[in-house]
Structures are given as C-alpha cells and as structure tokens.
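Please work through the following exercises with the sequence and the three-dimensional model at hand. Each task is followed by a solution in steps.

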Amino acid sequence: MKWSLYLGSYAGIKVFIHWTFVILLGWIGLTGIYAGDDLLTILWQLLFIICIFLCVTLHEFGHALMAKKFKFKTKDITLLPIGGLARLERMPEKPNQELKVAIAGPIVNVIIAMILAIPLGLGGNMPGIESISKINAGNFVFMLAVVNVILAVFNLIPAFPMDGGRIFRALLAYKYARPVATKIAASFGQFIAILFVFLGLFSNPFLVLIGIFIYLGAQAESNYVQIKDDLHGYYVRDVIMHRFDRLRIDDHLSVAVSIILDSQVKDFLVMDGENVVGTLSREDVIKALRENGQDPFIGDIMNKKLIILDPDTPLEKLYEKKQGQKQALMPVIKDHQLLGVLDLENVMEFMTVKNALQNRKDPLYV
C-alpha cells in the first residue's frame, strides 16, 4: 500500500504501517494536552494505542498463519488507524478452511485477553469504574484485556467485511452454494448495517460510519463472488481481443501521442520485431510527456513487467488474481505465438453482454 512504512516480516509476511497512524498518535497527544493531562498520562495513552495495534497485528497474523496452513499466501499486513488489513492472495473457498481462517483472528484476541487476565487474577484487585477514565500504570493491563475482548466481539459481528461475516458465510456454505451463501450473509450484514446507521443517528455518529463501512463491505463481497460465479466456465480464449495497437521499441513517443489524439486507444503493446517486450498506457504517455517531451523512444519508457496469459486460463482465476489491480494489456501467447491481448475491462464487458443476452425478453411476451 502506498505511503506505508515497512516494519519487518515474520514467516515471510511483511508488515507495514500507514503514515496516517502518525496522525492518530498526534491526535491522542494533542487531546491529552488540551485536556490538561500531564506528560506521564499522555505517554501512557500513547503506549496503550501502540499496544492495541500490536494486538491488531497479532490478530491479522492469526488469519495469515492459518491461511498459510492451507497453502494460501498472504501478500502483506498493513496497519491503519481504523485497524489492520491482511491481504491474502485469495480467500479459501472450502467452508471448513474459510471458517478456520476467519475465526483465527478473534481467537488470538481471546487468548491475549486470557493471558492478560492472569496477572489481574493473581493480584486479586480490579480497577474501579472511577479509575479507568485515564490510562495509567494501575489499569493498563486491565484495559488492554478489555480492548482485546471488544476486538474479538466486534469482529464476530456476522457482516462483511468483519470476520463474523466470513464465519457466517462459511457455515451457510455447508448447505448452500457459495454464491447463495454469500448473498444471504451479505444481505444479513446490510440489515445490521442499516440498524447501526439508525441507532447512530440517535446516539453515536460513529455508529453511522461503522454502518456505512459494513454496508459497502457486504455489497463489495457479494458483487465479487457473483462476478466470479458468472465467469465460471469461461476461459481467456473466449474473450481475447484480436484488435489492438502496436508500437515498436524504436518509435518515438510522438507516435503514441498521434494515435491517442486520433482515436480512443488507451493502451499499446510494445514489440521488438515479432516479440512482445512491454506495454504502454495513456498514463505512461502523459507522465513521459511531462518529464521528457515527445522525443524519448518507446523502449525507454514502456512498462517491462509483462503478464503473459495462456488462452486456457479460467477467467475466474484471472479475475481473482488481478481483481483490484491496475493492469495494462496482457498479451495472450500460445506456443510462442501472439494470439491477442486482454484486460480486465474487456472481461467485464464480455460478462455484461452475456448477462444481457441471458436476461433478454422475447418480443412475443413483452
């Protein structure tokens, strides 16, 4: 994720922290200053926030390590002011695997809370209500245990994108097909989201934000699974684009500019003789124009990171792997022969046409 600081890695999983985390710490510090807190109190509160995010990191590693057990890789873990995000290459689709991966995070928080409760129980004294308004040495462990319980419970809300939504979907998937299970779970999650928004309007505005977050997350998950289901049974060969614009590596940038101005072309395949060596997008062209004018050679500014597709690749696998990524044209090559190109936009256009044909009305019955 852009604007993130690399913190380190464990089990091959990189951990990043987004720069906005600094704003959160600054806001906590300034709030303490305006409230008249002394330096020690402010430092305890900052340490408490850092420890919460350490627990969030462990929560995300719970998901990542359980996914790794089932051979699913985690790209990275990013810490944001609103929580953590473990980016798995793809989620398990078998109900028992998804259930275990989803529940692993909340279980980590429960274990942390139980461990923190040990010294509290041995001490024999819990802080009173009046002593927990400010974080200090006396209530630090207790409050951290409470937060971990809250994190576990909150994440178990049966609504996407929380873990509870995936747990609910996994349980439903034992009886229903995954698209149906997802639709039921997403609809239930959106119902909860509407309740949150309604309650938030009369109590805490923060609930409104949570409700919107849940509603959009549920819709996104439902759309994602539905698209994958629609793509099932189709392959790259079914949607190959045979018409596309080529540029040579020794062409000047002005050649690409002329084509863009004279057509609606946005992406080019770059050739060295009969070999595909790169791609060039409209964004690449504009950036190069700003930096170097129209004189550079295409070969010097092209994107050399090619993603070569096999015509027999299932479209659902391609969408799953590349969904959410900005990708230029992907050449389709078989036995060293260029068959055409493909991008995700064309995949979606293909499905739009297919759905329109399937849902068309017979004029005789209109």
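The exercises below concern a predicted model.

**Exercise 1. Overall form**

Task: Compare the radius of gyration of the protein with that of a compact globule of 366 residues, and describe the overall fold.

Solution.
- Step 1. The rule for a compact globule of 366 residues gives a radius of gyration near 21 Å, whereas the protein has 26 Å.
- Step 2. Along the principal axes, the C-alpha atoms occupy a box of roughly 80 × 60 × 40 Å.
- Step 3. The secondary structure consists of 12 helices and nine strands.
- Step 4. Among contacts with a separation of 6 or more, 62% join residues 24 or more positions apart.

**Exercise 2. Surface and charge**

Task: State what share of the residues is buried, and describe the surface and the charged side chains.

Solution.
- Step 1. Buried residues make up 42% of the 366 in the protein.
- Step 2. The accessible surface is about 21700 Å², and carbon and sulfur atoms contribute 62% of that area.
- Step 3. There are 36 positive and 34 negative side chains; the centres of these two sets are 6 Å apart.

**Exercise 3. Annotated spans**

Task: Identify the residues annotated as "transmembrane region", and examine two of the spans in the model.

Solution.
- Step 1. The unreviewed UniProt entry places this annotation on residues 12–36, 42–65, 99–120, 140–160 and 191–216.
- Step 2. In the model, residues 12–36 are 60% helix and 24% strand, with end C-alpha atoms 44 Å apart.
- Step 3. Residues 140–160 are 76% helix and 0% strand, and their end C-alpha atoms lie 31 Å apart.

**Exercise 4. The setting of R169**

Task: Determine whether R169 counts as buried or exposed, and list its contacts beyond four places in sequence.

Solution.
- Step 1. R169 belongs to helix α5, which covers residues 163–173.
- Step 2. The cut-off for buried is under 20% relative accessible area. R169 counts as buried because its relative accessibility is 0%.
- Step 3. Beyond its neighbours within four places in sequence, R169 contacts E98, F160, R178, A181, T182, A185, E221 and V225.

**Exercise 5. Two residues with positive phi**

Task: Locate A11 and D335, and give the phi and exposure of each residue.

Solution.
- Step 1. Most residues other than glycine have a negative phi.
- Step 2. A11, which is not a glycine, has a positive phi of about 55°. A11 sits in the loop between β1 (4–10) and β2 (13–18), and is partly exposed at a relative accessible area of 33%.
- Step 3. D335, also not a glycine, has a positive phi of about 55°. The loop between β8 (330–334) and β9 (337–342) holds D335, which counts as exposed at 66% relative accessibility.

Technical notes:
Residues are numbered from 1 along each chain as its sequence is written. This is a predicted model: local features need pLDDT of at least 70, side-chain atom pairs count only at pLDDT 80 or more; totals for chains, interfaces and linings use all residues. Side-chain values use heavy atoms; hydrogens and water are left out. Helices (H or I, at least four residues) and strands (E, at least two) are DSSP runs, numbered from the N terminus. The radius of gyration is taken over C-alpha atoms; the globule rule is 2.2 Å times the number of residues to the power 0.38. Buried means under 20% relative accessible area, exposed over 50%, partly exposed in between (1.4 Å probe, protein chains only). Contact means heavy atoms within 4.5 Å. Accessible areas come from the Shrake-Rupley method with a 1.4 Å probe; for residues, only the protein chains shown count as cover. Lys and Arg count as positive and Asp and Glu as negative; His and the chain ends are not counted. The place of a charge is taken as NZ of Lys, CZ of Arg, CG of Asp or CD of Glu. UniProt positions are given in the numbering used here, feature names are shortened, and annotations may be inferred rather than shown by experiment.
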